[in-house]
Each structure stands twice: as C-alpha cells, then as structure tokens.
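Please open the model in a viewer and follow the selections below in order. Each stop names what to select and then describes what is found there.

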Amino acid sequence: MKGTILSFEQVTFTYAPEDKSVKPAVSDLSFSIGEGEWVALVGHNGSGKSTIAKLMNGLLFPQQGTVKAMGLTMSEESLWDIRSQMGMVFQNPDNQFVGATVQDDVAFALENNGVPHEEMVVRVRESLQQVKMADYLDHEPHHLSGGQKQRVAIAGALALRPRLLILDEATSMLDPQGRREVIETIRELREATGLTVLSITHDLEEAALADRVLVMSAGHKQMEGTPDEVFSSGEELTEMGLDLPFAMRMAGLLKQAGVPMTGESMTEHELVEELWTYYSSK
Amino acid sequence: MDILLKQVGYSYAKDTPFEKRALTDVTLHIPSGSYTAIIGHTGSGKSTVLQHLNALLQPTEGSVLIGERKIEAGTKAKNLREVRKKVGIVFQFPEQQLFDETVLKDIMFGPLNFGVPEEEARRRAIALVEQLGLPEDVLEKSPFDLSGGQMRRVAIAGVLAMEPDVLVLDEPTAGLDPRGRREIMDLFYRLHQEKGLTTVLVTHSMEDAARYADTVAIMHSGKCVATGDVREVFANEEQLGDYRLEPPRTVRMQREFEEKTGLTLDELALTEEALAQSIAQALKEGRELK
Amino acid sequence: MMEKMIFGRFIPGDSVVHRLDPRAKILFVFLFIAIVFIANNAITYAILLGFTLLSVFLSKIRLYFLINGLKPVFILMAFTFFLHLFFTEGGALLFSVGFVDVYEEGLRQGIFISIRFLVLVFMTSILTLTTSPISITDGIEVLLGPFKRVKLPVHELALMMSISLRFIPTLMDETGKILKAQMARGSDIGSGPIKERIKAVVPLLIPLFVSAFKRAEDLATAMEVRGYRGGEGRTRYRQLNWRIMDTLSLLLLVGFAGLLWYFRS
C-alpha cells in the first residue's frame with residue numbers, strides 16, 4: 001500500500017465521559033485509509049458514523065487512542081494544517097453553502113487560506129469544471145437543485161487540492177437523480193485524479209462502488225472488506241438495519257422460492273446470466 | 001372521498017416580475033379508496049399538485065373538487081377547515097413541524113384544532129405512539145430530545161391523529177435508513193387497507209410506487225402527462241423514457257430475464273417477492289417442458 | 001401581497017446602471033438623498049422628477065413593475081400628501097370642505113413633498129433592483145474600510161450581512177413550508193380573534209427557530225472545516241473595479257446638483 005492518509009488507532013469517544021451508563025459512541029476503533037483508496041463507512045442511523053466524521057476533522061477529540069491524518073497526529077496545533085489538506089461535504093446541501101453565488105462559495109476555502117486572487121480565479125474555474133458546474137458561476141444557491149449544490153460543495157473542497165475528500169452522508173437528502181449526479185461526479189474524479197475518498201453513508205449501492213467497506217454498528221467496527229466480501233454476509237447486514245443491494249436481495253428471494261443460487265452475482269446482469277445458465281442446464 | 005382536479009393551472013407570484021408557472025391544465029381524478037402514486041422529477045409540479053389536494057394552494061385556473069367542496073379559480077375560498085380535517089398531509093421532512101413541549105401535546109395539536117375533544121385526542125395519541133413503534137415514555141418527552149427517526153414518527157403520528165379520510169404523503173421516508181423506510185411505508189399501507197383510506201403518495205421511488213400504489217400519475221413540466229393502472233404505466237417503458245423516468249428495478253430485471261431466457265412471466269411483477277416467485281415458477285415450468 | 005413587493009429585491013439585467021460599480025451606486029444614492037433637498041420650487045422639482053425618470057429608463061426596469069411593486073409606499077405617500085394639503089396654511093384659500101380649508105401653500109407643499117418622497121423611493125429602489133445584494137455588501141465593506149482603524153469589525157459585519165442575505169430565501173421557503181404544514185394540521189394564522197392569531201404564531205416560530213439554530217450550527221461547522229478563522233490573513237475573491245463610467249456617473253450627479261442650485265429660488 002502507498003502512504004497512509006488517515007488512520008484511527010484504538011479510538012474511543014463518549015459524549016458523557018462521567019456517566020458510565022452511557023455507552024461510548026465509538027469504541028476501540030482502528031482502521032486506516034491508504035492513498036488513492038475509496039473507502040465506504042456504512043452503518044444505520046446512530047451507529048457512530050457521524051461521530052467518526054467529527055473525530056476526523058478535529059471537531060471532537062477522542063478520550064482514548066489517536067487520530068492521525070496526513071502524517072500528523074490530530075491536536076489543537078495540527079488541526080488547521082490537517083483541515084487545509086482535506087475536503088469535506090456534509091449532508092444538508094443548504095447548510096454548507098456559504099457564498100452568495102456558486103463561484104463565491106467555491107472560493108470560500110481559498111480566501112480563508114490566503115490564496116492570491118489570480119490563483120483563486122484559476123482554481124475556481126478548474127474545480128467547477130471537474131464537477132461540471134462551470135456554467136453556473138453566478139447562480140444563487142436557491143436556484144440550484146440539491147444535487148447541484150452538493151456538486152458545488154465538492155468543487156469547494158477540490159479547490160484547495162486536498163489529499164482526502166470526505167463525504168459525510170452527502171447523498172442522503174437528495175432525490176435519486178441528485179444522488180446519481182453526485183456519485184457519478186465522484187467516480188469521474190477518481191478516474192481522472194485518483195483522489196482518496198472516504199464516503200460515510202447508509203446507502204449500500206453507493207458503498208458497492210468503493211474499494212473497501214467498513215461496517216459500523218453500535219460504535220463498533222463489525223465488518224471490513226471488499227464490497228463483495230461484506231455483501232456476501234447477507235443476513236447479518238439486514239440485522240444491522242442495512243439493506244442489501246438489489247441483486248443480492250433478489251438472489252436471496254429466488255433461493256427462498258426454490259431456485260438454486262450461488263450467491264455470487266453482484267449485479268442484476270450477473271443474476272440474469274446465472275438464471276439463464278440454470279435454465280439452459282439440464 | 002373523491003378528489004378531482006379539473007384543468008387546474010397555477011402560477012406562483014402571479015402578476016409580478018417574479019411570476020412562475022407551476023401547473024398547466026392538470027386534470028387528475030383520485031377515486032375514493034384508491035392508492036395513487038404521483039411520480040416525476042423534482043420541479044415537475046408534484047408538490048404543487050399536492051398542495052391543491054387540501055386547498056393550501058388554490059388554483060389560478062380551473063377548479064378542484066374535494067369531496068363535496070368545490071374550489072374554483074378566481075374566487076376566494078373561506079372556511080377550509082372542514083376540507084383540511086378530511087385531507088391530512090405528511091410533508092417531506094415532517095419533523096420540521098414539531099413545536100410543542102411534549103410529544104403528547106404535539107400529536108394532539110391537530111385533532112384539538114379540528115375540535116376533537118381532549119380525551120379523545122389523548123386516546124388517539126397514545127394509540128398512535130404504540131402503533132408507530134415508539135416507546136411509551138416518549139409521550140412526556142420533548143420532541144426535540146428524540147432521535148431523527150423518532151421525530152419523524154412523532155410528526156407522522158401528528159397527522160394520523162387527525163384521522164383524515166385522505167392521506168397525502170410527500171416523500172415521507174426521505175433521509176431515513178432502509179429499515180426505517182420499509183417500516184413506515186408498510187405502516188401507511190396497513191392503514192390504507194384497514195381504514196379504507198384514500199392514499200396519495202408523491203415519490204421519486206418507482207419501487208415504492210410499484211409496490212404500494214394501484215394507480216400512477218406522471219407529472220412532467222407542470223402537466224399531468226399520464227395516469228393509469230400501475231401495471232399499465234410501468235409496462236410502458238417508452239412513455240416513461242419520454243419523461244426521463246426509469247421503470248422500477250423489478251420491471252427492468254423482468255424484462256432482462258424475459259429477453260435472455262425467452263420465457264414470459266404471467267404479468268408485470270410489482271414487488272421483489274412477486275418477481276422471485278414468478279421467475280421460480282417460469283423456470284420450473286420451462287425446465288419441465290424441455 | 002408580500003410577493004408583489006419589489007422593495008429591496010434584485011432583478012438581474014445588463015443595463016448601464018446594472019454595470020456600474022456598487023461603490024459608485026451607493027455613493028450616488030447617498031449624495032442624491034442630500035441633493036434632493038436643494039429643490040424648492042416648481043422648476044427644480046420638475047428637474048428632479050425628470051432626472052429620476054431618466055435613471056429608471058437607463059436601468060431598463062419597467063415603470064409598470066416599479067409602480068405596481070411599490071404600491072404600499074404610494075399609500076404612505078398619499079397620506080403625507082393629504083396631511084400637507086389639509087394642515088398647511090398660507091397663500092390664497094383655494095376651497096373648503098366642511099371645516100377643512102385648503103390653501104395654495106398646502107397644495108404646493110403636498111405636491112413637493114410627494115415628489116421628494118417619490119424620487120427617493122425610486123432612486124433607492126433602482127439601487128437595490130440593479131445591484132445584487134452581495135455587490136452591495138462588497139461595496140459597503142470597501143467604503144467602510146477606513147473605519148477598520150477605529151476597530152470597527154468591518155469584515156465580520158460584511159460577512160454577517162452576506163450570510164444573512166444568502167439565507168433569506170432559504171428561510172422564507174422554510175417559513176412557507178412550516179406555515180403550510182401547520183395549516184394542514186388545522187392551525188389558522190389568517191383569521192379569528194387576535195388572541196387566537198397570536199397563539200397560532202407559536203407553532204410557526206418555534207420550528208423556525210429550531211431550524212435556524214440547526215442551520216447556524218451546521219454552517220459554523222462547514223465554515224470551520226473549510227478553514228475559516230476570521231478576517232486575518234484572508235484574501236478576497238470578489239474584486240471591484242472602478243471604471244470611467246463610474247466616475248462619470250458621479251460627475252453627472254455633481255452637474256445635476258449645480259443645475260438644481262442654479263434654478264432654485
């Protein structure tokens with residue numbers, strides 16, 4: 001593996017350190033993200049996902065363990081250095097749009113980091129092109145769709161040329177079209193630049209695109225592996241309040257209905273192939 | 001209760017430089033006891049139609065018939081309480097409307113406004129909290145101390161407590177995790193059947209529309225471009241394509257299966273369970289024939 | 001009613017007036033407000049009115065929209081007109097209605113004050129209608145720049161203003177949504193005795209506050225994560241540029257003031 005971008009080492013965090021009856025929101029969590037990877041962190045609402053996001057950007061500090069990012073240990077001192085190297089997109093498209101227009105919003109982080117004006121103009125254009133929003137420079141946020149706003153937020157993060165992009169439930173408030181736009185944008189970005197991405201989500205269709213999936217439940221890491229590995233545990237995921245991708249759900253139902261299935265088909269297409277093979281075999 | 005939109009047109013901010021047309025010549029009949037899904041993209045006019053169903057908006061052209069009550073363009077309708085009592089709306093992200101000190105009071109807000117006696121309102125609230133799978137002790141809690149999913153359920157209870165004849169649902173499960181989504185949609189379906197409600201579901205999810213609705217209406221750029229039986233609408237892939245909509249995944253898979261194997265399933269499967277059953281059936285028969 | 005009001009709203013366009021630097025426009029309007037008081041006779045008021053109409057013409061805003069959108073302001077104007085008409089004495093007595101005597105001076109004052117009112121409202125409306133709120137904020141920030149020396153938090157004020165402006169439409173939408181949701185639950189703000197109406201405001205205001213705080217919290221997080229640490233060391237993306245046209249517009253105004261001065265009695 002190439003260099004490590006982000007790592008959690010035995011991290012425990014609780015919102016009420018004095019009260020022993022309150023379970024920690026995150027307990028004894030260790031994982032790392034290597035340069036160029038796309039990792040998905042999944043879990044139902046209340047599984048500790050959002051706490052993990054806050055530990056990553058230094059809004060919270062763990063009671064035990066360490067969070068390291070870009071080779072630095074997260075602390076009050078290193079905080080701003082780390083933040084300048086990571087971009088983050090949050091859940092609610094409206095509540096993270098700071099600028100009055102698209103271009104102002106994209107420039108916001110650049111202004112904060114004292115980037116000179118000429119450089120800003122170039123970077124704003126560039127990042128908006130990367131998310132295909134370059135034609136919307138002067139649009140105001142309330143004239144954009146949810147998906148467009150999230151793409152602008154991604155551009156805002158990209159403008160700083162971060163080493164890590166974190167999507168914190170960035171698609172959960174969007175309509176299907178918006179969700180597709182955002183996921184497509186991330187895919188293209190990864191293809192073009194190899195950017196390291198961490199997506200925190202409860203959408204397993206989104207997680208299926210990642211290189212590696214971490215499943216959280218009740219503050220613990222329950223599973224880790226490639227999407228195929230994780231999804232093959234079927235029932236367990238459903239018990240954790242997560243949904244299987246469509247093809248796998250169908251495979252399960254078909255099995256129940258008496259069709260012998262291998263459980264290896266990950267997409268609709270593969271599933272139909274498998275059914276056809278079964279049908280044409282004797 | 002029947003609702004009939006007759007050649008309804010609606011413009012926001014009419015007669016100003018900011019005028020924006022939202023609906024043009026929409027005719028839509030929602031028969032009593034039906035489960036109608038309204039599908040279409042964001043900005044197609046779905047939400048505007050929805051707000052005509054209980055006269056939150058009044059048409060700028062045409063008329064809306066809600067039960068016995070007629071609301072016509074150009075006249076100012078007064079005293080709409082009766083209409084709103086009969087047509088309950090669960091808006092998108094309904095937890096935003098919570099305001100009272102306790103969950104109990106918040107759920108009772110609607111019924112009390114419509115003149116339901118306090119005892120009865122309380123009884124309904126208690127029953128609903130149970131029905132929605134909330135712990136009993138939430139009743140005396142502040143709604144703002146609950147988790148997001150619980151707040152959503154309380155808000156839904158607040159609408160159900162009015163015991164409306166028509167239940168209008170605007171993306172009621174947006175933002176919930178898969179389990180919560182399924183639970184809530186199933187609950188609405190149960191109510192629809194048990195109480196003989198008329199249900200209108202505004203949704204982006206073709207899968208939900210296929211699973212629950214019996215009638216589907218397609219909205220596109222402010223017009224109601226198609227209505228029909230759920231199978232009829234979802235079988236017409238060409239028409240869906242014209243409005244940039246995709247058939248439900250089950251339908252897509254059924255088509256792919258039929259094409260690949262040359263087998264034909266009896267009818268369009270609307271749920272994953274039904275599709276699995278009919279595929280299994282078709283394979284069995286097909287293999288026996290060989 | 002509210003949605004018809006155009007006071008304080010912005011209509012995008014590309015007229016000469018739209019293209020002026022916001023600083024020039026703000027200075028222009030402030031100077032204009034002072035200059036208006038030079039006028040004191042029929043000719044000067046006529047010039048004033050002509051100049052204003054010319055500005056409306058240059059801004060390419062349709063007079064119909066301006067008049068239609070400023071209706072509530074006209075009611076106020078009519079009120080002041082009648083106030084002067086009935087209560088200013090002087091000059092010849094024109095006519096009497098009941099116990100009210102209308103004098104020549106009253107009529108004169110009434111008309112003058114109304115014109116003054118009209119041109120002020122028109123000019124300020126032209127400023128807001130042709131300048132995006134964010135440009136106005138930029139203009140104000142730069143114009144107030146010198147006050148940083150006396151510790152006025154100019155950057156913070158401007159940021160506050162721009163964020164508030166940015167969130168006005170969002171919060172308006174939200175107000176509409178919550179209002180409708182509560183109306184659907186039988187709450188009625190529009191009718192009934194005053195006590196009932198005040199009670200009906202609570203279910204609207206509480207959710208609005210809750211949501212505004214939630215938004216503020218989210219926004220603060222987003223800003224912090226994007227590296228916001230106050231005005232220190234920040235650069236500016238928006239650059240204003242002052243062109244010849246801007247200087248000319250102010251010179252034009254000075255000329256106009258001279259003209260008024262010449263004709264005043």
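**Domains of chain C**

In this predicted model, the C-alpha centres of domain 1 of chain C and domain 2 of chain C lie 33 Å apart. To display the two domains, colour residues 2–131 together with 241–263 of chain C as domain 1, and residues 146–225 as domain 2.

**Helix α5 of chain C**

Next, select residues 71–87 of chain C, which form helix α5. Does the length of α5(C) agree or disagree with the expected span for its 17 residues? At 1.5 Å a residue, helix α5 of chain C should span 24 Å, and its end C-alpha atoms are 25 Å apart, which agrees.

Now show the side chains of C:Val73, C:Met77, C:Thr80, C:Phe81 and C:Leu85, which are buried in α5(C). Turn the view to look down the axis of α5(C): the buried residues fall within an arc of 135 degrees, so they line one face of the helix. On the other side of α5(C), select C:Ile75, C:Phe79 and C:Phe87, which are exposed.

To see what the buried residues of α5(C) pack against, add β2 (100–103) and α6 (104–130) of chain C to the display.

**C:Arg23**

Move to helix α2 of chain C, residues 22–35, where C:Arg23 is located. Is C:Arg23 buried or exposed? Its relative accessibility is 17%, and C:Arg23 therefore counts as buried, the cut-off being under 20%.

Which residues should be shown around C:Arg23, leaving aside its neighbours within four places in sequence? Select C:Gly139, C:Val142 and C:Leu143, and then C:Leu240, C:Asn241 and C:Trp242; C:Arg23 is in contact with each of these residues.

**Chain B as a whole**

Finally, hide chain C and display chain B in cartoon form, where eleven helices and ten strands can be traced. Along its principal axes, the C-alpha trace of chain B spans about 70 × 50 × 35 Å. For 290 residues, a compact globule would have a radius of gyration near 19 Å; the value for chain B is 21 Å, which agrees.

Colouring chain B by burial picks out the buried residues, which make up 56% of its 290 residues. Among contacts in chain B between residues at least 6 apart in sequence, 62% join residues at least 24 apart. With the surface of chain B switched on, the accessible area shown comes to about 12300 Å², and carbon and sulfur atoms account for 45% of that surface.

Technical notes: Residues numbered from 1 in each chain as written. Chains lettered and ligands numbered in written order. Predicted model: local features only at pLDDT ≥ 70, side-chain atom pairs only at ≥ 80, totals over all residues. Heavy atoms only, no water. Helix = DSSP H or I, 4+ residues; strand = E, 2+ residues; numbered from the N terminus. Expected span 1.5 Å × (residues − 1). Buried < 20%, exposed > 50% of the residue type's maximum accessible area, 1.4 Å probe, protein only. Arc of directions from axis to C-beta. Contact = heavy atoms within 4.5 Å. Domains from an automatic or database assignment. Rg over C-alpha atoms; globule rule 2.2 N^0.38 Å. Areas by Shrake-Rupley, 256 points an atom, 1.4 Å probe, with all protein chains shown as cover.
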